[in-house]
Amino acid sequence: MTRPTRDDTVEYSDFSAQTFLPEAARALSRAVRELGEVVLPTECVGCGAWDEVVCEQCLEKLLAKPRHFDPLAESSTAPGEGFPGFAVATYEGPMRRLVLAGKHDKRRNLRPYFSAAGLQAAVAVAPEFCPAAPYGEVFVVPAPSTTPGSPSLAASAFAEGIRSGMVKSRAARSCGILEILRMKPGAKKQAGLGYAERISNRHHQMELAGPDVHGELRGAKLVLVDDVTTTGSTLLEMARVLQGAGAKILASFVFASTHFSE
Ligand SMILES: [Zn+2]
């Protein structure tokens, strides 16, 4: 288990009073270009427009206020307590291409974009699931990778952004990332599976990364994060294991979802 050290736990003081507004999106885009990632005009990863790595229209979708989805809606055997689900984008078209590039395309650095998306998302909806007074310590738990050693860059950057957003929104005094779940040996990937298969494929496929973390999770306040959800089955399986160890799940965030509550 990776315990967050002092260095990677975000505190209030890490942020200036300045707020991160959508206008900052343009500055972000400029900054990424100036890092030398892309000097020449290029095609937008999302929509193919001859523009920047992520064009302004796609950037707007990427930094949108999250919408609700119900992680338990598809489950007939919903375990434990319910918790709200939030998704920034619909998993289709430009945002789907952006996620796929974020997972697999090593040539372009899309990390700052997914990180900004996570930060914006958490800041926008934290008041909906946090009480007026902030929680002391909250942990972000990313979904475990089905290919160990090669996690999705989009997913880890998005989780990083959520962590920053939890503190920036003053929902939590401090927030770290806990990589405490792993797939059981032999667990299969979701890609290529049909809808019903995806749901059963995730059932009882995760476990805690070590027996010693069990005690530490009792009463811990957690936010679950994944890059994409199609059936909610990964989030449900995460919840089953974590609630089973006595943790309280405050909310779940995905970057993109195929379905919404509204
Ligand atoms: Zn675009």
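Start by selecting helix 8, residues 233-244: its 12 residues reach 16 Å from the first C-alpha to the last, close to the 16 Å expected at 1.5 Å a residue. Keep in mind as you look that this is a predicted model. Now show what surrounds the helix: 9 of its 12 residues are buried, so helix 8 is largely enclosed by the rest of the structure. To colour the buried ones, pick Ser233, Thr234, Leu235, Leu236, Glu237, Met238, Ala239, Val241 and Leu242. Step just past the end of the helix and you will meet glycine 246, with a positive phi of about 90 degrees.

Next, add the strands on either side. Strand 10, helix 8 and strand 11 form a right-handed β-α-β unit. Strand 10 covers residues 221-229, and 8 of its 9 residues are buried, so this strand too is largely enclosed by the rest of the structure. Strand 11 spans residues 248-257 and runs parallel to strand 10, with 8 bridges joining the two. For one of these pairings, select valine 225 together with phenylalanine 253, its bridge partner in strand 11. Strand 10 also pairs with strand 6, again in the parallel sense, over 4 bridges. Here, look for valine 140 standing opposite valine 223 of strand 10.

Which residues touch the most other members of the largest nonpolar core? Select Val141, Val223 and Phe255 to see them; the core holds 72 residues. Helix 4, residues 111-129, gives the most to this core, with 10 residues. Stay with phenylalanine 255 for a moment and display its contacts. Leaving aside neighbours within four places in sequence, phenylalanine 255 is in contact with Val88, Ala89, Val99, Phe114, Ala117, Ala154, Phe158, Asp227 and Val228.

Now move to proline 144, in the loop between strand 6 (135-142) and helix 5. Is this proline buried or exposed? It counts as buried, because 23 C-beta neighbours lie inside 10 Å and the threshold is 20 or more. Its contacts, apart from neighbours within four places in sequence, are Leu181, Arg182, Met183 and Met206. Try a distance label to alanine 209 as well: proline 144 and alanine 209 are 65 residues apart in sequence, and 9.8 Å apart in space from C-alpha to C-alpha.

Follow the chain onward to helix 5, residues 153-168. Its 16 residues reach 22 Å from the first C-alpha to the last, close to the 22 Å expected at 1.5 Å a residue. Helix 5 is mostly covered, with 15 of its 16 residues buried. Just after it, stop at arginine 170, which has a positive phi of about 65 degrees although it is not a glycine. Most residues other than glycine have a negative phi. Arginine 170 sits in the loop between helix 5 and strand 7 (172-177), and is partly exposed, with 17 other C-beta atoms within 10 Å.

Finally, zoom out to the whole protein. There are 8 helices and 11 strands, and 42% of the 262 residues count as buried. Among contacts between residues at least 6 apart in sequence, 78% join residues at least 24 apart. Colour by pLDDT to finish: the mean is 81, and 75% of residues reach 70 or more. Confidence is highest in strand 5 (residues 85-90), at a mean of 96, and lowest in strand 1 (residues 10-11), at 45. Over residues 1-21 the pLDDT is below 50, and this stretch has 24 contacts in the model beyond near neighbours in sequence.

Notes:
Residues are numbered from 1 along each chain as its sequence is written. This is a predicted model: local features need pLDDT of at least 70, side-chain atom pairs count only at pLDDT 80 or more; totals for chains, interfaces and linings use all residues. The expected span of a helix is 1.5 Å times one less than its number of residues. Two residues are in contact if their C-beta atoms, placed from the backbone, lie within 7 Å. pLDDT is the predictor's confidence in each residue, from 0 to 100. A nonpolar core is a set of buried Ala, Val, Leu, Ile, Met, Phe, Trp, Tyr and Cys residues joined through C-beta atoms within 7 Å. Two strands pair if DSSP finds at least two bridges between them. A crossover is right-handed if, with the strands pointing away from the viewer, the path from the first strand over the helix to the second runs clockwise.
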